[in-house]
Amino acid sequence: MIYTFSSYVPGIAIAIAVLAASIGALLLWRRQPLTIALIAFGVSAVAGGLFAPMLAMDRVVLDDQKLEQTTGFWFAPTVKGFRLAEVASIAIGTARNRKNREYEVWIVKGRDGQVQEIDPGDLWEMNGQDIIRRLREKGIDVRQ
């Protein structure tokens with residue numbers, strides 16, 4: 001199973017990029033201050049060049065071998081997950097970050113005794129219940 005964001009999610013970033021570029025062009029055409037137009041073009045570049053590809057490329061893959069998430073910027077993706085054959089059990093809990101904010105954490109205990117803490121991304125969390133159900137169907141002990 002491959003989980004991805006709906007096509008409208010990166011579409012929102014593309015729409016913001018087009019809107020910001022249009023505003024920048026309109027400001028130049030009306031001979032407004034160049035710095036304001038450059039800010040609009042900067043917003044367009046960030047939304048269209050960073051966020052839209054990032055949202056379009058994010059994916060969580062659950063197959064017979066692994067649960068793996070690819071996320072982050074297109075030029076420096078982050079891959080996290082685990083191989084199913086190496087898992088003894090999974091406990092899903094919460095942890096606190098430096099700002100004392102609570103976030104979900106998957107604690108994966110391996111058959112060799114190693115413990116791995118995974119902070120699932122938004123896409124993983126959005127599909128968490130389906131992922132848990134599928135992992136249980138594969139015989140993996142998942143505790144919430």
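How much area does the protein expose, and what share of that area do carbon and sulfur atoms supply? The protein exposes about 9,200 Å², of which carbon and sulfur atoms supply 57%. The structure on display is a predicted model, and this tour proceeds from the whole chain to single residues.

**The whole protein**

Begin with the entire chain in a cartoon view. The protein contains 4 helices and 8 strands. Followed along the sequence, these elements give the pattern β-α-α-β-β-β-β-β-β-α-α-β. The radius of gyration is 20 Å, whereas the globule rule gives 15 Å for 144 residues; the protein is therefore more spread out than a compact globule. Reducing the display to the C-alpha trace shows a span of about 65 × 35 × 25 Å along the principal axes.

Next, colour the residues by burial. Of the 144 residues, 33% are buried. For contacts between residues at least 6 apart in sequence, 44% join residues at least 24 apart.

**Helix H2**

Now select residues 34-57, which form helix H2. Does the distance between its ends agree or disagree with the expected span? The 24 residues, at 1.5 Å a residue, should span 34 Å, and the C-alpha atoms at the two ends are 34 Å apart, so the two values agree.

Move along the helix to Phe51, where H2 bends by about 30 degrees. A proline, Pro53, follows within four residues of this bend.

Then display the side chains of Ala37, Ala40, Ser44, Ala47, Ala52, Met54 and Leu55, the buried residues of H2. Adding residues 8-29 to the selection brings in helix H1, which is included in what covers those buried residues.

**Leu34**

Select Leu34, which belongs to helix H2. Is Leu34 buried or exposed? Its relative accessibility is 53%, and because exposed means over 50%, Leu34 counts as exposed. With Gly24 also selected, the C-alpha atoms of the two residues can be seen 9.0 Å apart, although 10 residues separate them along the chain.

**Lys66 and strand E3**

The last stop is strand E3, covering residues 66-71, in which Lys66 is found. Which side chain makes a polar contact with the side chain of Lys66? The partner is the side chain of Asp63, at 2.7 Å. Finally, show Val61, Phe82, Arg83 and Leu84: these are the residues in contact with Lys66 once its neighbours within four places in sequence are set aside.

Methods
Residues numbered from 1 in each chain as written. Predicted model: local features only at pLDDT ≥ 70, side-chain atom pairs only at ≥ 80, totals over all residues. Heavy atoms only, no water. Polar contact = N/O pair within 3.5 Å; in protein donor to acceptor, adjacent residues only side chain to side chain. Contact = heavy atoms within 4.5 Å. Expected span 1.5 Å × (residues − 1). Bend = angle between axes of the 7 residues up to and from the residue. Buried < 20%, exposed > 50% of the residue type's maximum accessible area, 1.4 Å probe, protein only. Rg over C-alpha atoms; globule rule 2.2 N^0.38 Å. Areas by Shrake-Rupley, 256 points an atom, 1.4 Å probe, with all protein chains shown as cover.
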